[in-house]
Amino acid sequence: MAIVEVKVPQLSESVSEGTLISWKKKPGEAVAVDEILIEIETDKVVLEVPAPSAGVLAETLKDGGASVVSEEVIARIDTEGKAGAVAAPAAAAPAAAPVAAPAAAANKGDVAMPAAAKILAEKGLQATDVAGSGKDGRVTKGDALAAGAKPAAVAAPVAAPVAAAKPLPAVAAPVAQNLGDRPEQRVPMSRLRARVAERLIQSQSTNAILTTFNEVNMAPLMEMRKKFQEKFEKEHGVKLGFMSFFVKAAVAALKKFPVLNASVDGNDIVYHGYFDIGIAVGSPRGLVVPIIRNADQLSFADIEKKIAEFGQKAKEGKISIDDLTGGTFSISNGGTFGSMLSTPIINPPQSAILGVHATKDRAVVENGQVVVRPINYLAMSYDHRIIDGREAVLGLVTMKEALEDPARLLFDI
(Lines give C-alpha, C1' and ligand atoms only; values in the text may rest on other atoms or scores of the structure.)
Protein backbone atom coordinates (compact mmCIF):
# COMPACT_ATOMS: atom_id res chain seq x y z
CA MET A 1 0.00 0.00 0.00
CA ALA A 2 1.43 3.37 -1.05
CA ILE A 3 -0.07 6.39 0.70
CA VAL A 4 0.11 9.93 -0.66
CA GLU A 5 -0.90 12.84 1.56
CA VAL A 6 -3.30 15.57 0.38
CA LYS A 7 -2.28 18.93 1.83
CA VAL A 8 -3.76 22.41 1.97
CA PRO A 9 -2.12 24.63 -0.68
CA GLN A 10 0.22 27.38 0.44
CA LEU A 11 -1.93 30.36 1.43
CA SER A 12 -0.76 33.95 1.04
CA GLU A 13 0.89 35.83 3.90
CA SER A 14 -2.29 37.84 4.48
CA VAL A 15 -4.45 34.70 4.77
CA SER A 16 -3.87 32.74 7.97
CA GLU A 17 -6.42 29.97 7.49
CA GLY A 18 -9.27 28.71 5.35
CA THR A 19 -12.45 26.68 5.64
CA LEU A 20 -13.11 23.37 3.90
CA ILE A 21 -16.35 23.58 1.92
CA SER A 22 -17.35 20.00 1.09
CA TRP A 23 -15.61 16.86 -0.12
CA LYS A 24 -16.36 15.89 -3.71
CA LYS A 25 -15.19 12.33 -3.09
CA LYS A 26 -15.88 9.86 -0.29
CA PRO A 27 -13.39 7.43 1.28
CA GLY A 28 -13.21 4.31 -0.84
CA GLU A 29 -13.90 6.11 -4.11
CA ALA A 30 -11.41 6.20 -6.97
CA VAL A 31 -9.76 9.51 -7.83
CA ALA A 32 -7.79 10.61 -10.86
CA VAL A 33 -4.66 12.72 -10.72
CA ASP A 34 -5.51 16.45 -10.61
CA GLU A 35 -9.19 15.67 -9.97
CA ILE A 36 -10.65 18.27 -7.59
CA LEU A 37 -11.20 16.73 -4.16
CA ILE A 38 -12.40 19.73 -2.16
CA GLU A 39 -12.56 23.53 -2.21
CA ILE A 40 -11.11 25.76 0.49
CA GLU A 41 -12.68 29.15 1.13
CA THR A 42 -10.44 31.91 2.44
CA ASP A 43 -11.42 35.49 3.22
CA LYS A 44 -10.37 36.44 -0.31
CA VAL A 45 -10.83 33.55 -2.73
CA VAL A 46 -11.91 29.94 -3.07
CA LEU A 47 -9.04 27.53 -3.75
CA GLU A 48 -9.41 24.12 -5.40
CA VAL A 49 -7.42 21.19 -4.01
CA PRO A 50 -6.59 18.61 -6.71
CA ALA A 51 -5.58 15.00 -6.12
CA PRO A 52 -1.75 14.80 -6.20
CA SER A 53 -1.93 11.17 -7.43
CA ALA A 54 -4.40 8.70 -8.85
CA GLY A 55 -5.75 5.95 -6.63
CA VAL A 56 -8.41 5.54 -3.97
CA LEU A 57 -9.29 8.13 -1.34
CA ALA A 58 -8.26 6.19 1.76
CA GLU A 59 -9.47 8.66 4.39
CA THR A 60 -10.31 12.30 5.03
CA LEU A 61 -8.88 13.86 8.16
CA LYS A 62 -11.06 16.98 8.20
CA ASP A 63 -14.79 17.34 7.64
CA GLY A 64 -16.49 20.03 5.58
CA GLY A 65 -16.68 23.28 7.55
CA ALA A 66 -13.42 22.65 9.42
CA SER A 67 -10.70 25.31 9.60
CA VAL A 68 -7.32 24.48 8.06
CA VAL A 69 -3.93 26.16 7.60
CA SER A 70 -1.24 26.05 4.93
CA GLU A 71 0.36 22.66 4.29
CA GLU A 72 -1.97 20.87 6.72
CA VAL A 73 -2.68 17.23 5.79
CA ILE A 74 -6.42 16.82 5.16
CA ALA A 75 -6.64 13.45 3.40
CA ARG A 76 -4.68 10.43 2.22
CA ILE A 77 -4.79 8.60 -1.11
CA ASP A 78 -3.89 4.93 -1.54
CA THR A 79 -2.23 4.82 -4.94
CA GLU A 80 -2.49 1.01 -5.06
CA GLY A 81 -6.01 0.73 -3.66
CA LYS A 82 -9.16 -0.45 -5.41
CA ALA A 83 -12.41 1.48 -5.53
CA GLY A 84 -14.80 0.49 -2.74
CA ALA A 85 -12.02 -0.33 -0.31
CA VAL A 86 -10.77 1.89 2.48
CA ALA A 87 -7.31 1.59 3.98
CA ALA A 88 -7.34 -0.03 7.42
CA PRO A 89 -5.93 1.90 10.39
CA ALA A 90 -2.29 1.26 11.08
CA ALA A 91 -2.89 0.16 14.68
CA ALA A 92 -5.84 -2.19 14.17
CA ALA A 93 -6.68 -4.69 16.89
CA PRO A 94 -7.60 -8.35 16.13
CA ALA A 95 -10.95 -8.68 14.38
CA ALA A 96 -12.32 -10.87 17.17
CA ALA A 97 -11.96 -8.15 19.78
CA PRO A 98 -15.40 -7.13 21.17
CA VAL A 99 -16.80 -3.72 20.35
CA ALA A 100 -18.19 -2.31 23.56
CA ALA A 101 -18.89 1.28 22.51
CA PRO A 102 -18.24 3.78 19.72
CA ALA A 103 -15.34 5.21 21.70
CA ALA A 104 -13.74 1.79 21.87
CA ALA A 105 -14.19 1.33 18.15
CA ALA A 106 -12.45 4.63 17.56
CA ASN A 107 -9.52 3.58 19.74
CA LYS A 108 -9.14 -0.04 18.66
CA GLY A 109 -10.31 0.17 15.05
CA ASP A 110 -12.17 -3.20 15.21
CA VAL A 111 -15.16 -2.38 13.02
CA ALA A 112 -15.38 1.36 12.37
CA MET A 113 -12.78 3.57 10.79
CA PRO A 114 -11.63 6.38 13.13
CA ALA A 115 -13.53 9.11 11.29
CA ALA A 116 -16.64 6.92 11.17
CA ALA A 117 -16.38 6.05 14.87
CA LYS A 118 -16.33 9.74 15.77
CA ILE A 119 -19.48 10.40 13.76
CA LEU A 120 -21.22 7.36 15.27
CA ALA A 121 -20.31 8.50 18.76
CA GLU A 122 -21.86 11.90 18.10
CA LYS A 123 -25.04 10.17 16.94
CA GLY A 124 -25.23 7.83 19.90
CA LEU A 125 -24.72 4.75 17.70
CA GLN A 126 -22.42 1.77 17.97
CA ALA A 127 -20.42 0.36 15.11
CA THR A 128 -22.58 -2.77 15.21
CA ASP A 129 -25.64 -0.63 14.49
CA VAL A 130 -24.43 0.14 10.96
CA ALA A 131 -23.81 -2.15 8.00
CA GLY A 132 -20.23 -1.55 6.93
CA SER A 133 -19.32 -1.33 3.26
CA GLY A 134 -15.57 -1.17 3.72
CA LYS A 135 -12.95 -3.88 3.71
CA ASP A 136 -13.89 -6.85 5.94
CA GLY A 137 -17.18 -5.12 6.74
CA ARG A 138 -15.58 -2.07 8.31
CA VAL A 139 -17.85 0.95 8.77
CA THR A 140 -16.62 3.85 6.62
CA LYS A 141 -17.21 7.53 7.12
CA GLY A 142 -19.79 7.40 4.34
CA ASP A 143 -21.64 4.61 6.16
CA ALA A 144 -21.66 6.64 9.37
CA LEU A 145 -23.01 9.75 7.63
CA ALA A 146 -25.71 7.70 5.89
CA ALA A 147 -26.78 6.19 9.19
CA GLY A 148 -28.02 9.60 10.32
CA ALA A 149 -30.18 9.95 7.23
CA LYS A 150 -31.51 6.41 7.45
CA PRO A 151 -31.71 5.45 11.13
CA ALA A 152 -33.73 2.35 10.31
CA ALA A 153 -30.86 0.69 8.44
CA VAL A 154 -29.05 -0.98 11.36
CA ALA A 155 -27.03 -4.16 11.32
CA ALA A 156 -27.99 -5.78 14.61
CA PRO A 157 -31.71 -6.28 15.37
CA VAL A 158 -31.13 -6.01 19.12
CA ALA A 159 -29.74 -2.51 18.71
CA ALA A 160 -32.73 -1.21 16.75
CA PRO A 161 -34.84 -0.27 19.81
CA VAL A 162 -31.93 1.67 21.29
CA ALA A 163 -31.37 3.59 18.07
CA ALA A 164 -35.06 4.33 17.78
CA ALA A 165 -35.32 5.50 21.36
CA LYS A 166 -32.50 8.04 20.95
CA PRO A 167 -33.28 10.88 18.54
CA LEU A 168 -30.31 11.52 16.31
CA PRO A 169 -28.83 15.02 16.30
CA ALA A 170 -28.82 16.81 12.96
CA VAL A 171 -25.55 16.59 11.06
CA ALA A 172 -26.41 19.04 8.31
CA ALA A 173 -26.21 22.83 8.38
CA PRO A 174 -28.83 24.66 10.47
CA VAL A 175 -32.22 24.69 8.78
CA ALA A 176 -35.22 26.96 8.99
CA GLN A 177 -37.00 26.96 12.33
CA ASN A 178 -40.66 25.98 12.32
CA LEU A 179 -42.34 29.19 13.41
CA GLY A 180 -45.56 28.83 11.50
CA ASP A 181 -45.89 31.58 8.92
CA ARG A 182 -42.79 33.42 10.25
CA PRO A 183 -39.87 31.06 9.50
CA GLU A 184 -36.24 31.93 10.17
CA GLN A 185 -32.98 30.43 9.09
CA ARG A 186 -29.61 30.99 10.74
CA VAL A 187 -26.49 30.34 8.67
CA PRO A 188 -22.88 31.30 9.39
CA MET A 189 -21.20 33.98 7.30
CA SER A 190 -18.76 32.72 4.71
CA ARG A 191 -15.17 33.80 5.22
CA LEU A 192 -15.45 36.08 2.20
CA ARG A 193 -18.61 37.76 3.49
CA ALA A 194 -17.10 38.16 6.97
CA ARG A 195 -13.96 39.70 5.47
CA VAL A 196 -15.99 42.12 3.34
CA ALA A 197 -17.95 43.16 6.43
CA GLU A 198 -14.74 43.67 8.38
CA ARG A 199 -13.20 45.84 5.68
CA LEU A 200 -16.32 47.97 5.24
CA ILE A 201 -16.50 48.64 8.97
CA GLN A 202 -12.78 49.43 8.94
CA SER A 203 -13.31 51.85 6.06
CA GLN A 204 -16.13 53.71 7.81
CA SER A 205 -14.34 53.86 11.15
CA THR A 206 -10.93 55.01 9.88
CA ASN A 207 -11.69 57.16 6.83
CA ALA A 208 -13.33 60.60 6.81
CA ILE A 209 -15.62 59.71 3.92
CA LEU A 210 -17.35 62.37 1.84
CA THR A 211 -18.98 61.94 -1.57
CA THR A 212 -19.15 64.36 -4.49
CA PHE A 213 -21.58 63.95 -7.39
CA ASN A 214 -21.83 64.98 -11.02
CA GLU A 215 -23.85 64.06 -14.09
CA VAL A 216 -22.52 62.96 -17.46
CA ASN A 217 -24.18 63.26 -20.84
CA MET A 218 -23.38 59.85 -22.30
CA ALA A 219 -24.62 60.64 -25.82
CA PRO A 220 -21.17 61.34 -27.40
CA LEU A 221 -19.71 58.21 -25.83
CA MET A 222 -22.66 56.08 -26.89
CA GLU A 223 -22.39 57.37 -30.45
CA MET A 224 -18.67 56.61 -30.61
CA ARG A 225 -19.23 53.13 -29.19
CA LYS A 226 -22.02 52.40 -31.65
CA LYS A 227 -19.88 53.59 -34.58
CA PHE A 228 -16.86 51.40 -33.78
CA GLN A 229 -18.31 48.50 -31.81
CA GLU A 230 -18.57 46.03 -34.69
CA LYS A 231 -15.08 46.77 -36.05
CA PHE A 232 -13.64 46.72 -32.51
CA GLU A 233 -15.05 43.28 -31.74
CA LYS A 234 -13.94 41.89 -35.09
CA GLU A 235 -10.42 43.24 -34.62
CA HIS A 236 -9.88 42.41 -30.95
CA GLY A 237 -12.25 39.53 -30.27
CA VAL A 238 -13.96 41.28 -27.37
CA LYS A 239 -16.95 43.59 -27.11
CA LEU A 240 -16.43 47.31 -26.57
CA GLY A 241 -18.11 48.19 -23.30
CA PHE A 242 -18.40 51.39 -21.32
CA MET A 243 -16.17 50.30 -18.45
CA SER A 244 -12.95 50.73 -20.42
CA PHE A 245 -13.90 54.39 -20.96
CA PHE A 246 -14.60 54.84 -17.25
CA VAL A 247 -11.20 53.30 -16.43
CA LYS A 248 -9.42 55.58 -18.88
CA ALA A 249 -11.32 58.63 -17.60
CA ALA A 250 -10.40 57.72 -14.01
CA VAL A 251 -6.71 57.38 -14.95
CA ALA A 252 -6.83 60.82 -16.59
CA ALA A 253 -8.17 62.33 -13.35
CA LEU A 254 -5.66 60.45 -11.17
CA LYS A 255 -2.79 61.75 -13.28
CA LYS A 256 -4.05 65.29 -12.93
CA PHE A 257 -4.74 64.98 -9.19
CA PRO A 258 -2.27 62.40 -7.79
CA VAL A 259 -3.71 62.57 -4.27
CA LEU A 260 -6.77 60.69 -5.57
CA ASN A 261 -4.41 57.81 -6.31
CA ALA A 262 -2.68 57.99 -2.91
CA SER A 263 -3.18 56.11 0.36
CA VAL A 264 -2.61 56.73 4.06
CA ASP A 265 0.04 54.79 5.97
CA GLY A 266 0.10 55.95 9.57
CA ASN A 267 0.99 59.63 9.44
CA ASP A 268 2.36 59.37 5.90
CA ILE A 269 0.67 59.89 2.54
CA VAL A 270 1.88 57.37 -0.04
CA TYR A 271 1.66 58.70 -3.61
CA HIS A 272 1.60 55.81 -6.07
CA GLY A 273 3.40 56.29 -9.37
CA TYR A 274 1.33 53.57 -11.03
CA PHE A 275 -2.37 53.14 -11.71
CA ASP A 276 -3.85 49.84 -10.52
CA ILE A 277 -7.62 50.12 -10.87
CA GLY A 278 -9.90 47.79 -8.93
CA ILE A 279 -13.16 46.78 -10.62
CA ALA A 280 -15.91 45.65 -8.24
CA VAL A 281 -17.38 42.38 -9.50
CA GLY A 282 -20.29 40.43 -8.06
CA SER A 283 -19.76 36.69 -7.64
CA PRO A 284 -21.92 33.85 -6.28
CA ARG A 285 -19.96 34.03 -3.03
CA GLY A 286 -19.96 37.81 -2.64
CA LEU A 287 -18.27 41.00 -3.80
CA VAL A 288 -14.68 40.83 -5.07
CA VAL A 289 -12.48 43.60 -6.47
CA PRO A 290 -9.90 42.26 -8.95
CA ILE A 291 -7.18 44.67 -10.06
CA ILE A 292 -6.38 45.93 -13.56
CA ARG A 293 -2.67 46.67 -13.17
CA ASN A 294 -0.91 49.52 -14.98
CA ALA A 295 -4.22 50.61 -16.51
CA ASP A 296 -2.56 53.70 -17.95
CA GLN A 297 -0.40 51.50 -20.17
CA LEU A 298 -3.26 49.34 -21.47
CA SER A 299 -5.34 49.86 -24.58
CA PHE A 300 -9.12 49.87 -24.56
CA ALA A 301 -9.02 46.29 -25.90
CA ASP A 302 -6.62 45.18 -23.16
CA ILE A 303 -8.89 46.62 -20.47
CA GLU A 304 -12.02 45.02 -21.95
CA LYS A 305 -10.27 41.65 -22.11
CA LYS A 306 -9.20 41.89 -18.46
CA ILE A 307 -12.72 42.85 -17.38
CA ALA A 308 -14.19 39.92 -19.32
CA GLU A 309 -11.60 37.59 -17.82
CA PHE A 310 -12.36 38.75 -14.28
CA GLY A 311 -16.09 38.40 -14.86
CA GLN A 312 -15.71 34.80 -16.03
CA LYS A 313 -13.33 33.88 -13.22
CA ALA A 314 -15.66 35.40 -10.63
CA LYS A 315 -18.59 33.44 -12.06
CA GLU A 316 -16.59 30.21 -11.83
CA GLY A 317 -15.16 31.04 -8.41
CA LYS A 318 -11.60 31.06 -9.75
CA ILE A 319 -10.46 34.55 -8.82
CA SER A 320 -6.93 34.18 -7.44
CA ILE A 321 -5.37 35.95 -4.49
CA ASP A 322 -2.96 37.71 -6.87
CA ASP A 323 -5.94 39.09 -8.81
CA LEU A 324 -7.19 40.82 -5.65
CA THR A 325 -3.92 42.07 -4.21
CA GLY A 326 -3.10 45.77 -4.35
CA GLY A 327 -5.06 48.49 -6.10
CA THR A 328 -4.77 52.28 -5.88
CA PHE A 329 -8.31 53.31 -6.94
CA SER A 330 -11.58 51.45 -7.48
CA ILE A 331 -14.66 51.66 -9.69
CA SER A 332 -18.03 50.24 -8.69
CA ASN A 333 -20.72 49.89 -11.35
CA GLY A 334 -24.08 49.78 -9.62
CA GLY A 335 -25.69 50.65 -12.92
CA THR A 336 -25.40 47.00 -13.90
CA PHE A 337 -28.18 46.29 -11.42
CA GLY A 338 -30.19 49.43 -12.24
CA SER A 339 -28.93 51.74 -9.49
CA MET A 340 -29.74 55.42 -10.10
CA LEU A 341 -27.44 56.85 -7.41
CA SER A 342 -25.37 55.60 -4.50
CA THR A 343 -22.49 56.58 -2.23
CA PRO A 344 -19.75 53.97 -2.77
CA ILE A 345 -17.59 53.06 0.21
CA ILE A 346 -13.80 53.31 -0.03
CA ASN A 347 -11.83 50.08 -0.32
CA PRO A 348 -8.95 50.38 2.22
CA PRO A 349 -6.13 51.34 2.01
CA GLN A 350 -7.24 53.32 -1.04
CA SER A 351 -8.49 56.87 -0.59
CA ALA A 352 -11.12 57.23 -3.31
CA ILE A 353 -13.64 55.22 -5.31
CA LEU A 354 -15.85 56.04 -8.30
CA GLY A 355 -19.47 54.92 -8.40
CA VAL A 356 -21.06 54.50 -11.84
CA HIS A 357 -24.82 54.16 -12.23
CA ALA A 358 -27.53 53.37 -14.76
CA THR A 359 -27.71 55.58 -17.83
CA LYS A 360 -31.28 56.86 -18.31
CA ASP A 361 -32.94 59.36 -20.61
CA ARG A 362 -33.55 62.51 -18.57
CA ALA A 363 -34.68 66.05 -19.23
CA VAL A 364 -31.80 68.52 -19.11
CA VAL A 365 -31.34 72.15 -20.12
CA GLU A 366 -28.99 72.96 -23.00
CA ASN A 367 -28.72 76.51 -24.39
CA GLY A 368 -31.92 77.49 -22.61
CA GLN A 369 -33.87 74.56 -24.09
CA VAL A 370 -35.18 71.46 -22.32
CA VAL A 371 -33.91 68.40 -24.18
CA VAL A 372 -33.70 64.67 -23.48
CA ARG A 373 -30.24 63.21 -23.01
CA PRO A 374 -28.89 59.85 -21.74
CA ILE A 375 -27.56 60.86 -18.33
CA ASN A 376 -25.38 58.92 -15.93
CA TYR A 377 -24.88 60.14 -12.37
CA LEU A 378 -21.33 59.71 -11.11
CA ALA A 379 -20.43 59.63 -7.41
CA MET A 380 -16.92 59.72 -6.03
CA SER A 381 -16.33 59.00 -2.36
CA TYR A 382 -13.02 60.21 -0.96
CA ASP A 383 -11.03 60.28 2.27
CA HIS A 384 -11.19 63.88 3.45
CA ARG A 385 -8.16 63.32 5.69
CA ILE A 386 -5.88 63.72 2.68
CA ILE A 387 -8.17 64.78 -0.17
CA ASP A 388 -9.69 68.25 -0.07
CA GLY A 389 -13.00 69.07 -1.69
CA ARG A 390 -11.25 70.98 -4.45
CA GLU A 391 -9.25 67.97 -5.66
CA ALA A 392 -12.22 65.65 -5.32
CA VAL A 393 -14.63 67.89 -7.23
CA LEU A 394 -12.15 68.81 -9.96
CA GLY A 395 -11.11 65.17 -10.27
CA LEU A 396 -14.69 64.14 -10.91
CA VAL A 397 -15.13 67.03 -13.36
CA THR A 398 -12.08 65.75 -15.24
CA MET A 399 -13.76 62.35 -15.55
CA LYS A 400 -17.00 64.00 -16.70
CA GLU A 401 -15.23 66.04 -19.40
CA ALA A 402 -13.34 62.99 -20.66
CA LEU A 403 -16.53 60.95 -20.94
CA GLU A 404 -18.51 63.73 -22.64
CA ASP A 405 -15.71 64.27 -25.15
CA PRO A 406 -14.06 60.82 -25.57
CA ALA A 407 -11.50 62.16 -28.05
CA ARG A 408 -9.74 63.69 -25.01
CA LEU A 409 -8.82 60.16 -23.92
CA LEU A 410 -7.10 59.48 -27.23
CA PHE A 411 -4.99 62.62 -27.05
CA ASP A 412 -4.44 62.51 -23.28
CA ILE A 413 -5.86 66.01 -22.77
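Colleague: At what angle do helix α7 and helix α8 pack, and how far apart are their axes?

Modeller: Two packed helices are described by the angle between their axes and the distance between the axes. In this predicted model, helix α7 (residues 243-256) and helix α8 (residues 300-316) pack at an angle of about 115°, and their axes are 9 Å apart.

Colleague: Is the crossing of α7 and α8 left-handed or right-handed?

Modeller: Right-handed: that's the way α7 passes α8.

Colleague: OK, and which residues of α7 and α8 meet?

Modeller: From α7 you've got Met243, Ser244, Phe245, Val247 and Lys248. On the α8 side, they meet Phe300, Ile303, Glu304 and Ile307. Sort the residues of this contact by type and you get six nonpolar, one polar and two charged.

Colleague: I see two phenylalanines in there. How is the aromatic pair of phenylalanine 245 and phenylalanine 300 arranged?

Modeller: For a pair of rings, look at the centres and the planes. The count here comes to one aromatic pair. Phenylalanine 245 and phenylalanine 300 are 4.9 Å apart, centre to centre, with 50° between the planes, and that pair is tilted. Phenylalanine 245 belongs to helix α7 and phenylalanine 300 to helix α8, so the pair ties together parts that are 55 residues apart in sequence.

Colleague: Are phenylalanine 245 and phenylalanine 300 buried or exposed?

Modeller: Phenylalanine 245 is buried, and phenylalanine 300 is too.

Colleague: Which lysine lies over the face of phenylalanine 300?

Modeller: That's lysine 248, at 5.9 Å from the ring centre. For another charge over a ring, go to phenylalanine 242: the charged end of arginine 225 sits over that ring, 4.5 Å from its centre.

Colleague: Let's try burial with alanines. Is alanine 379 buried or exposed?

Modeller: Buried means under 20% relative accessible area. Alanine 379 has 0% relative accessibility, so it counts as buried. You'll find alanine 379 in strand β19 (residues 369-383). Leaving aside neighbours within four places in sequence, its contacts include Thr211, Phe213, Pro344 and His357. Check valine 356 as well: it is 23 residues from alanine 379 along the chain, and their C-alpha atoms are separated by 6.8 Å.

Colleague: And where does alanine 54 lie?

Modeller: Alanine 54 is in the loop between β5 (46-50) and β6 (55-60). Its relative accessible area is 39%, so alanine 54 is partly exposed. Beyond neighbours within four places in sequence, alanine 54 is in contact with Val31, Ala32, Val33, Ile77 and Thr79. Alanine 54 and valine 4 are 50 residues apart in sequence, yet 9.4 Å apart in space, C-alpha to C-alpha.

Notes
Residues numbered from 1 in each chain as written. Predicted model: local features only at pLDDT ≥ 70, side-chain atom pairs only at ≥ 80, totals over all residues. Heavy atoms only, no water. Axes fitted to C-alpha atoms, helices over the stretch in contact; angles between N-to-C directions. Helix = DSSP H or I, 4+ residues; strand = E, 2+ residues; numbered from the N terminus. Left-handed = near helix turned anticlockwise from the far one by under 90°. Contact = heavy atoms within 4.5 Å. Nonpolar A, V, L, I, M, F, W, Y, C, P; charged D, E, K, R; others polar. Phe/Tyr/Trp six-rings, centres within 6.5 Å; stacked < 30°, edge-to-face > 60°. Buried < 20%, exposed > 50% of the residue type's maximum accessible area, 1.4 Å probe, protein only. Lys NZ or Arg CZ within 6 Å of the ring centre and 35° of its normal.
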